[in-house]
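Good morning, colleagues. Please take a moment to look at the sequence and the structure on the screen before I begin.

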Amino acid sequence: MLATETKRVSVVKSKKLFQRCGSLIGLLILFACGDQAPSAPAGDKPLVIAHRGASGYLPEHTIAAKAMAFAQGADYIEQDLVMTRDDEIVVLHDHHLDTVTNVAKLFPDRAREDGRYYVIDFTLGEIRQLAVSERFGVRNGEVSAIFPRRFPLNQSTFKVNTFAEEIELIQGLNRSTGKSVGIYAEIKSPAFHREEGKDISAAVLGVLKTYGYVHAGDKVFLQCFDPYELVRIRQELMPAMSMDVQLVQLIGYGEEFAPLLTTDGIQQVAAYAAGIGPSMHLLVDPDSDADDLQVSDLVRMAHAAGLKVHPYTFRRESDQIPPYAKDLEDLLDIFVNRVGVDGVFTDFPDRVVKFLATNP
Ligand code: G3P
Ligand code: CA
């Protein structure tokens with residue numbers, strides 16, 4: 001198990017970092033040919049999980065992005081969840097506000113010593129005043145979009161929404177369309193919230209229960225990078241609330257996750273979770289050649305333990321495609337037909353829906 005709360009490491013084509021994690025990956029590369037990899041069980045079409053909504057087209061986690069993901073045919077729509085000062089659960093990727101909102105402009109005096117603006121320092125009423133934009137970075141005072149070809153920065157009007165509001169949107173659309181799209185919620189930074197005096201997991205479970213997500217068969221997955229928190233949810237919180245929803249262990253591309261990536265570690269995960277959500281780079285070595293794909297043993301181990309495998313994150317931008325794949329569709333072909341995953345997190349649900357429709 002992990003010694004500290006997990007740290008997500010974003011890696012795209014990062015040979016350096018992969019080499020740093022060489023010992024970890026070495027454990028996983030038990031065979032070299034993708035054709036030997038197990039397939040997902042026959043008849044189970046891989047799930048299309050809209051990562052932060054249709055975030056390739058609209059600012060992440062906005063209601064507009066969620067509605068677009070629904071219309072594009074996603075099976076599940078993802079929410080990253082953090083808590084406000086007044087104990088509301090809001091849908092934001094980070095427990096900071098400064099990379100997707102104008103908080104620095106509206107509340108210039110509310111940054112902590114590290115210069116960051118923390119969701120937990122603001123009430124929902126204050127957060128409602130903020131304008132949400134495409135994700136941006138600031139360097140030497142210059143603001144630039146993380147994904148320059150996506151929705152323009154600071155255009156149109158978007159707001160932060162609560163978890164309850166987003167569930168109401170999805171349930172409303174399910175009713176008006178006759179569909180049954182699920183929710184795929186992530187508890188962010190539970191240890192940080194606990195240090196701040198908040199039990200985010202109990203609060204998230206409370207919202208889920210209010211909206212009827214209670215049993216293992218209900219259309220919800222609850223994900224977290226922190227295995228200790230997932231064990232606590234499985235062993236303490238859910239029994240106390242008479243709940244039994246499916247849990248997903250997220251696994252980042254970093255050395256701290258190595259203990260999970262063994263037969264024993266995966267079997268421990270299977271004791272509390274229904275699936276794993278690994279970085280795609282844990283399934284296929286990003287330094288692979290197209291004609292010599294290095295596929296890890298993780299999918300086989302997970303399937304042997306009865307776990308579903310939902311890797312992240314599938315994007316269309318060329319700098320987000322590992323060098324062994326030509327484009328998003330080629331990458332999907334590798335992961336669906338050769339690696340044998342059970343679903344994918346994607347910023348572009350329409351592209352994955354189309355791929356699966358044309359590659360049954
Ligand atoms: O939850 C799956 C995936 O979203 C994990 O990465 O950082 O985008 O939440 P992140
Ligand atoms: Ca997430």
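I shall speak about strands, then charged side chains, then some features of the backbone and loops. Please bear in mind throughout that this is a predicted model.

Let me begin with strand S2, residues 76-83. How many of the residues of strand S2 are buried? The count is 8 of the 8, so the strand is largely enclosed by the rest of the structure. The side chains divide between two directions: Tyr76, Glu78, Asp80 and Val82 point one way, while Ile77, Gln79, Leu81 and Met83 point the other way, and all are buried. You will notice that charged residues, including Glu78 and Asp80, are in that buried list.

Which strands pair with S2? Strand S1, residues 47-50, runs parallel to S2 and is joined to it by 2 bridges. There, isoleucine 49 stands opposite tyrosine 76 of S2. Strand S6, residues 182-187, also runs parallel to S2, with 6 bridges between the two. In this pairing, glutamate 78 has tyrosine 184 of S6 opposite it. Strand S3, in contrast, is antiparallel to S2, and 3 bridges join them. Valine 82 faces valine 90 of S3 in that arrangement.

S2 and S3 also form a hairpin with 5 residues between them, and aspartate 87 in its turn has a positive phi of about 70°. At the end of S3, which covers residues 89-91, we find valine 91. Valine 91 counts as buried because its relative accessibility is 1%, and buried means under 20%. Its C-alpha atom is separated by 9.0 Å from that of arginine 52, although the two residues are 39 apart along the chain.

A second hairpin deserves attention. Strands S4, residues 136-139, and S5, residues 142-145, pair in the antiparallel sense over 4 bridges. Phenylalanine 136 has alanine 145 in S5 as its bridge partner. This hairpin has 2 residues between its strands, and asparagine 140 lies in the turn.

I turn now to charges. Side chains of opposite charge can pair when their charged atoms come close. The structure holds 23 salt bridges, and I have selected a few.

The pair of lysine 66 and glutamate 166 has its closest N and O atoms 2.7 Å apart. This pair links distant parts of the chain, 100 residues apart: lysine 66 belongs to helix H3, residues 63-71, and glutamate 166 to helix H6, residues 163-177. Are these two residues buried or exposed? Both lysine 66 and glutamate 166 are buried.

Glutamate 126 and arginine 110 meet in another salt bridge, at 2.9 Å from N to O. Glutamate 126 is in helix H5, residues 124-127, and arginine 110 is in the loop between helix H4 and H5, so the pair ties together parts that are 16 residues apart in sequence. Glutamate 126 counts as buried at 16% relative accessibility, whereas arginine 110, at 25%, is partly exposed.

Arginine 112 pairs with aspartate 121, the closest N and O atoms being 2.8 Å apart. With a relative accessible area of 27%, arginine 112 is partly exposed. In addition, salt bridges that share partners join Arg52, Glu60, Asp94 and Arg135 into one network.

Not every charge of interest is in a salt bridge. Asp287, Asp289, Asp291 and Asp292 form a negative surface patch. Aspartate 291 lies in the loop between strand S9, residues 275-278, and helix H11, residues 298-304, and at 73% relative accessibility it counts as exposed. Valine 295 is in the loop between S9 and H11 too, yet it is buried, with a relative accessible area of 1%. Valine 295 and leucine 283 are 12 residues apart in sequence, with their C-alpha atoms 5.8 Å apart.

Finally, the backbone. Most residues other than glycine have a negative phi, and most peptide bonds are trans. Against that background, asparagine 140 has a phi near 50° and is exposed, with a relative accessible area of 78%. Serine 156, in the loop between S5 and H6, has a positive phi of about 65° and is exposed at 59% relative accessibility. The peptide bond from tyrosine 312 to threonine 313 is cis, with omega near -10°. Threonine 313 is located in the loop between strand S10, residues 308-309, and helix H12, residues 328-339.

Thank you for your attention.

Key
Residues numbered from 1 in each chain as written. Chains lettered and ligands numbered in written order. Predicted model: local features only at pLDDT ≥ 70, side-chain atom pairs only at ≥ 80, totals over all residues. Heavy atoms only, no water. Pairing = 2+ DSSP bridges. Patch = residues over 30% accessible without salt bridge, like charges linked within 9 Å, V, L, I, M, F, W, Y side chains within 5 Å. Areas by Shrake-Rupley, 256 points an atom, 1.4 Å probe, with all protein chains shown as cover. Salt bridge = Lys/Arg side-chain N within 4 Å of Asp/Glu carboxyl O. Lys, Arg positive; Asp, Glu negative; His and termini not counted. Charge placed at Lys NZ, Arg CZ, Asp CG, Glu CD. Buried < 20%, exposed > 50% of the residue type's maximum accessible area, 1.4 Å probe, protein only.
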